[in-house]
Amino acid sequence: MADQYAQSGDDKRPTEVPAIRWEEPPEGPVLVLLDQTRLPAEEVELVCTDASALVDAIGSLAVRGAPLLGIAGAYGVALAAARGFAVDEAADALAGARPTAVNLSVGVRRARDAYQAEVAKGGGPEQGARAALAAARQLHREDAEASARMAEHGLTLLDELLPGGGHRVLTHCNTGALVSGGEGTAFAVALAAHRAGRLRRLWVDETRPLLQGARLTAYEAARRGMAYTLLTDNAAGSLFSAGEVDAVLIGADRIAADGSVANKVGSYPLAVLARYHHVPFIVVAPVTTVDPDTPDGASIEVEQRPGFEVTEMAAPQAPMSGAGGGIPVAPLGTQAYNPAFDVTPPELITAIVTEEGVVSPVTAEGLAELCARSGRVTTD
């Protein structure tokens with residue numbers, strides 16, 4: 001079997017380029033992003049000097065993942081304020097860059113509220129910019145802390161559901177440090193199991209059409225010395241049928257009030273497979289991903305991506321001739337259905353793991369109680 005086996009010894013990772021960081025060179029503050037579209041071939045950073053550049057980076061998926069989008073949105077507002085741009089205009093553009101991921105609008109709102117509150121009490125734009133930056137940095141710290149707590153809660157749940165260790169976990173898309181201020185959401189749980197010596201295998205869905213599993217999750221798993229195997233999305237059924245999956249761990253981009261979960265497209269079929277094969281299907285996400293103002297799954301706006309992401313394949317150092325700059329893999333003029341997300345109903349979800357604890361069974365009442373405990377009775 002062609003796969004990656006666990007490395008022995010401690011979890012000694014190479015020096016990592018942070019997914020996002022704020023810098024203040026002499027020419028003015030900037031937001032520096034690790035360009036996730038270039039991984040794993042090369043680690044290249046993008047430097048954003050204004051909110052419009054960040055909006056472009058969000059749209060191209062150079063920066064992605066629900067928690068990190070919230071952090072990026074908050075820093076984007078701070079950047080606009082510090083550079084003297086119209087804060088409200090920048091905030092609106094950032095919040096609308098990807099409609100399904102609720103964390104993005106939450107982060108934008110926190111930084112904008114901090115800016116407006118400072119200005120309202122008599123502070124000038126400079127003081128408002130400092131307040132927005134402080135709010136962004138606080139959100140960044142909170143997400144790192146939430147990541148560690150989710151990993152702890154998630155590993156406890158895995159051990160309860162699957163006593164004895166030797167977990168074989170299937171994950172979809174990318175949910176590690178590349179999407180978080182810490183070590184991630186679902187990936188952080190698998191990493192905790194690895195460190196505890198209880199992860200036997202991480203099954204990594206390739207995740208079409210942009211291959212975030214192959215390009216990003218495998219990249220992170222390899223750097224952590226985890227035992228992992230990559231598979232195409234349509235091979236998952238075969239894996240379940242062979243009895244090789246003990247649990248499914250995924251992240252979330254928005255969780256509706258009833259417990260419906262929007263995540264990278266392909267998550268819903270995994271939930272159906274997991275239910276048929278009596279395998280736990282676990283969602284790991286911070287409380288900020290719960291949106292009380294979205295009543296159910298049907299109310300979640302699902303982002304539609306460009307068709308060329310399906311009809312073309314990007315390949316480094318290869319001649320490009322398609323409309324999207326890739327190699328055509330379908331006849332010219334082929335139409336493509338390319339939703340970025342699908343929605344899994346709560347009855348197919350074994351548990352939702354957050355930094356505040358676990359909701360299982362997944363119900364509107366359980367989620368409301370969780371949000372109340374965390375102080376998020378309504379949308380931030």
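# Reading pockets, cavities and local geometry in a predicted model

Modeller: Let us begin with a pocket. The lining of the second largest pocket is made up of seven nonpolar, six polar and nine charged residues. Please keep in mind throughout that the structure is a predicted model.

Biologist: How does one find such a space, and what volume lies in the second largest pocket?

Modeller: The general idea is that rolling a probe the size of a water molecule over the atoms shows where empty space is left. In this structure, the second largest pocket holds about 350 Å³ of space. Its lining has 22 residues, and those nearest the centre are Arg-110, Leu-139, Glu-142, Thr-288 and Glu-355. The elements that contribute two or more residues to this lining are α2 (66–82), α4 (102–120) and α5 (125–161).

Biologist: Which element gives the most to the lining of the second largest pocket?

Modeller: That element is α5, with six residues.

Biologist: A cavity differs from a pocket, I understand. How many cavities of 30 Å³ or more does the count give?

Modeller: A cavity is a space where the probe fits but cannot get out, whereas a pocket is open. The count here is one cavity of 30 Å³ or more. The volume of this largest cavity is about 270 Å³. It is lined by 28 residues, with Arg-64, Gly-65, Cys-173, Asp-253 and Phe-341 closest to its centre. Two or more lining residues come from each of α2 and β9 (261–264). By class, the lining of the largest cavity divides into 13 nonpolar, nine polar and six charged residues.

Biologist: May we step back to the whole protein? How many helices and strands does the protein have?

Modeller: The protein has 11 helices and 16 strands. Its radius of gyration is 20 Å, close to the 21 Å that the globule rule gives for 380 residues, so the protein is as compact as a globular protein of that length. Along the principal axes, the C-alpha atoms fill a box of roughly 65 × 55 × 45 Å. Of the 380 residues, 53% count as buried. Among contacts between residues at least 6 apart in sequence, 75% join residues at least 24 apart.

Biologist: How should I read a pair of aromatic rings, and how many aromatic pairs does a search of the whole structure find?

Modeller: A pair of aromatic rings is described by the distance of the centres and the angle of the planes. The search finds one aromatic pair. Its members are Trp-22 and Tyr-75, which are stacked, at 6.0 Å centre to centre and with 25° between the planes. The pair links distant parts of the chain, since Trp-22 belongs to strand β1 (residues 20–23) and Tyr-75 to helix α2, 53 residues apart. Trp-22 and Tyr-75 are both buried.

Biologist: Helix α2 appears again. Is Ala-72, in that helix, buried or exposed?

Modeller: Ala-72 counts as buried because its relative accessibility is 0%, and the cut-off for buried is under 20%. Apart from neighbours within four places in sequence, Ala-72 is in contact with Ile-20, Leu-31, Leu-54 and Val-63. The C-alpha atoms of Ala-72 and Arg-21 are separated by 9.1 Å, although the two residues are 51 residues apart along the chain.

Biologist: What does Leu-370 touch, leaving out residues up to four places away in sequence?

Modeller: Leu-370, in helix α11 (residues 364–374), touches Val-287, Thr-354, Glu-356, Gly-357 and Val-359. Leu-370 also counts as buried, at 0% relative accessibility.

Biologist: Finally, how do I recognise unusual backbone geometry, and which peptide bonds are cis, with omega near 0°?

Modeller: As a general guide, most residues other than glycine have a negative phi, and most peptide bonds are trans. Here the bond from Arg-208 to Pro-209 is cis, and so is the bond from Ser-360 to Pro-361. Pro-209 lies in the loop between β5 (199–205) and α7 (212–223), while Pro-361 is in the loop between β16 (357–359) and α11.

Biologist: Which residues have a positive phi although they are not glycine?

Modeller: Thr-207 has a positive phi of about 70°, and His-278 has one of about 60°. Thr-207 lies in the loop between β5 and α7 and is buried, with a relative accessible area of 0%. His-278 is placed in the loop between α9 (267–276) and β10 (281–284) and is exposed, with a relative accessible area of 74%.

Terms used: Residues numbered from 1 in each chain as written. Predicted model: local features only at pLDDT ≥ 70, side-chain atom pairs only at ≥ 80, totals over all residues. Heavy atoms only, no water. 1 Å grid on protein atoms, 1.4 Å probe; cavity = no way out; pocket = protein on both sides within 12 Å on 5 of 7 lines; lining within 4 Å. Points joined across faces, edges and corners; volume = space filled by probe spheres on them. Helix = DSSP H or I, 4+ residues; strand = E, 2+ residues; numbered from the N terminus. Nonpolar A, V, L, I, M, F, W, Y, C, P; charged D, E, K, R; others polar. Phe/Tyr/Trp six-rings, centres within 6.5 Å; stacked < 30°, edge-to-face > 60°. Buried < 20%, exposed > 50% of the residue type's maximum accessible area, 1.4 Å probe, protein only. Rg over C-alpha atoms; globule rule 2.2 N^0.38 Å. Contact = heavy atoms within 4.5 Å.
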